[in-house]
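Trainee: Can we go through this model together? I have some short questions.

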Amino acid sequence: MPTLFEKIIAGQLPATVVFRDARVTAFLDIKPAAPVHILIVPNKAIATVNDIADEDEALIGHMVLVARDLAAQHQIAADGYRLIINCNAHGGQEVYHLHMHLLGGRPLGPMVTRI
Ligand code: 5GP
């Protein structure tokens, strides 16, 4: 079964795409947690961080560079932002197609709640 994000990449599901190239697609999160909330997704289906292959090293680096450029374009680079990749149940991953969240536009608070 293709994931939601594979369908968005294929143009079968609507999304507000803010960047696309041969390797990644970036689109607005449907339920934003911050004024800027963009998902940066590899076009290749990789389920989780655990499934990243050594040969994907450049692709993962590319995702970070795309995040850097989108942060600049959305005027959040100077104030700062957060990049998050959730993995599996304890990481809170909901969609099993690797994605990096780019969050910014307000102070984001502590990274996790301390116990
Ligand atoms: P995760 O919890 O897997 O790291 O993040 C999944 C993200 O995908 C969530 O922030 C959620 O709001 C977003 N999301 C889920 N379904 C859709 C959708 O159909 N379209 C878009 N644009 N975002 C989605």
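Mentor: First a term: a contact means heavy atoms within 4.5 Å. Among contacts in the protein between residues at least 6 apart in sequence, 55% join residues at least 24 apart.

Trainee: What should I know about the source?
Mentor: This is a predicted model, where local features need pLDDT of at least 70, side-chain atom pairs count only at pLDDT 80 or more, and totals for chains, interfaces and linings use all residues. Residues are numbered from 1 along each chain as its sequence is written, and side-chain values use heavy atoms, with hydrogens and water left out.

Trainee: In what order do the elements run from the N terminus?
Mentor: The order is α-β-β-β-α-β-α-β, with helices (H or I, at least four residues) and strands (E, at least two) taken as DSSP runs, numbered from the N terminus.

Trainee: Which residues of α2 are buried?
Mentor: L59, H62, M63, V66, A67, L70 and A71, where buried means under 20% relative accessible area (1.4 Å probe, protein chains only). Their cover includes β1 (17–20), β2 (24–28), β3 (36–42), β4 (81–84) and β5 (100–104).

Trainee: And what comes just after α2?
Mentor: Q75, with a positive phi of about 55°.

Trainee: Switching to the ligand: which residues come nearest?
Mentor: D29, N86, E94, H99 and H101, out of 16 around the ligand; a residue counts if one of its heavy atoms lies within 4 Å.

Trainee: Which polar contacts (pairs of N or O atoms within 3.5 Å) are there?
Mentor: Among them, a side-chain N or O atom of D29 is 2.5 Å from a ligand oxygen, and a backbone N or O atom of E94 lies 2.6 Å from a ligand oxygen.

Terms used
Buried means under 20% relative accessible area, exposed over 50%, partly exposed in between (1.4 Å probe, protein chains only). A polar contact is a pair of N or O atoms within 3.5 Å; within protein, one must be able to donate a hydrogen and the other to accept it, and residues adjacent in sequence count only if both atoms are side-chain atoms.
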